[in-house]
Amino acid sequence: MKYNIAVIPGDGIGPEIVREAQKVLDAAAKKYGFTLEYTELLMGGASIDANGSPLTDETIETARANDAVLMGSIGGDAKTSPWYQLPPSLRPEAGLLKLRKSLNLFANLRPAYLYEELKAACPLRDEIIGDGFDLLIMRELTGGLYFGARSTVEEDGVRKATDTLVYNEKEIRRIAVKAFDIARKRRKEVCSVDKANVLDSSRLWRSVVEEVAKDYPDVELSHMLVDNCAMQLVRDPGQFDVILTENMFGDILSDEASMVTGSIGMLSSASLNETKFGLYEPSHGSAPDIAGQGIANPIATVLSAAMMLRYSLDLDEAADAVEAAVKQVLSEGYRTGDIMSDGCTRVGTVQMGDLIAARV
Ligand code: NAD
């Protein structure tokens, strides 16, 4: 079987870490008998330099024609890079926002997984960590408060600002379906997070999620208020499998969940649309402070590539093998500088990619 993958190396450490992820993907392809054909695309600062714009229409169309997009990260140092002298709509980040919107990527997935070997980086106490945690936040990405009408007016000398939180049932249903589908590939539990004791949008959210749940009798659904969820994530993160939530709650909770793992270089992410298509990228940025030094941790991008195998290509076995290879490399004591600890062996970006690829 052959799959077409658009690759956006991006800026800063992007090209270095994407190269390693491709190396690992190629090892998986060889082992599991599939072929990946890559088309490299420019976005962000690299596209500004080449085309005068962070994302061209041609790039969007080429990305769309592929089975999935694998991305590094985009952007430069906001203080020193000439890209940030441009108007906001022409800066690197505008390219990513436009790509997400053009491809209708409404479901954002951010796993938070605690590796036994990296427990020391977790800010939680051992008795809270227990046997560790392996959760996934599914955040609605294209609706809600960030996309509703907003205004600032002055009435009788008093300034007043309004933001609107709008969801319709179709927007809720399509992300709920994604959450239940993905829960079926995991431990089959969905916790839907809302503020249904106060907000109408949350009451609609809850009732639509319950309707969708009827089609998934094998998946257990629970509901939790967002304020409680924020507490539970630091009190007992091990209780969660898939957390399904709307845009603003997800924005906050996904950052909280990332922080409890403690290692930015390990955090993968995916953004999906209604089909199998998705954009896969590490949660971290382009780290211009360490670009070109060969020391960036490629694991977040490697794990994003594993998500691509699982969610866009349905190659679960290959995805499992990549994740197991990452675990093995960590248990053998290899670390990039960002996750280094006493007694471990420090390796660079390329070496880490080689080690993982060899263990797939
Ligand atoms: P950052 O995530 O790039 O870096 C924060 C810190 O973490 C830095 O010290 C960096 O060296 C370190 N770091 C990040 N990833 C690492 C890795 N894989 N290995 C080792 N260390 C790593 O965040 P920032 O410095 O705030 O942003 C830098 C640029 O990235 C900005 O232009 C920002 O807009 C952009 N950015 C892009 C994305 C994206 O492409 N989706 C996301 C966030 C930030």
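Visitor: How much area is buried between domain 1 and domain 2?
Guide: Keep in mind that this is a predicted model. Carbon and sulfur atoms give 56% of the area buried between the two domains. The full figure comes to about 840 Å².

Visitor: Which residue ranges make up the two domains, and how far apart are their C-alpha centres?
Guide: The assignment puts 1-105 + 271-360 in domain 1 and 123-260 in domain 2. Contact here means heavy atoms within 4.5 Å. On that basis, 13 residues of domain 1 and eight residues of domain 2 take part. Centre to centre, by C-alpha atoms, the spacing is 26 Å.

Visitor: On to the ligand: which residues come nearest?
Guide: There are 21 residues around the ligand. Coming nearest among those are G76, E93, G285, A287 and D289.

Visitor: How do the residues of that shell divide into nonpolar, polar and charged, and which helix supplies at least two of them?
Guide: The shell around the ligand has 10 nonpolar, seven polar and four charged residues. Strand 3 (68-73) supplies at least two residues, and so does one helix. That helix is helix 4 (92-102).

Visitor: What share of the ligand's exposed area does the protein bury?
Guide: Start with the backbone: an N or O atom of G285 sits 2.7 Å from a ligand oxygen, one of A287 sits 2.8 Å from a ligand oxygen, and a polar backbone atom of I74 is at 3.0 Å from one. On its own, the ligand exposes 810 Å². Of that, the protein buries 68%.

Terms used. Residues numbered from 1 in each chain as written. Predicted model: local features only at pLDDT ≥ 70, side-chain atom pairs only at ≥ 80, totals over all residues. Heavy atoms only, no water. Near = heavy atom within 4 Å. Polar contact = N/O pair within 3.5 Å; in protein donor to acceptor, adjacent residues only side chain to side chain. Areas by Shrake-Rupley, 256 points an atom, 1.4 Å probe, with all protein chains shown as cover. Helix = DSSP H or I, 4+ residues; strand = E, 2+ residues; numbered from the N terminus. Nonpolar A, V, L, I, M, F, W, Y, C, P; charged D, E, K, R; others polar. Domains from an automatic or database assignment. Buried area = accessible area lost by both parts, 1.4 Å probe.
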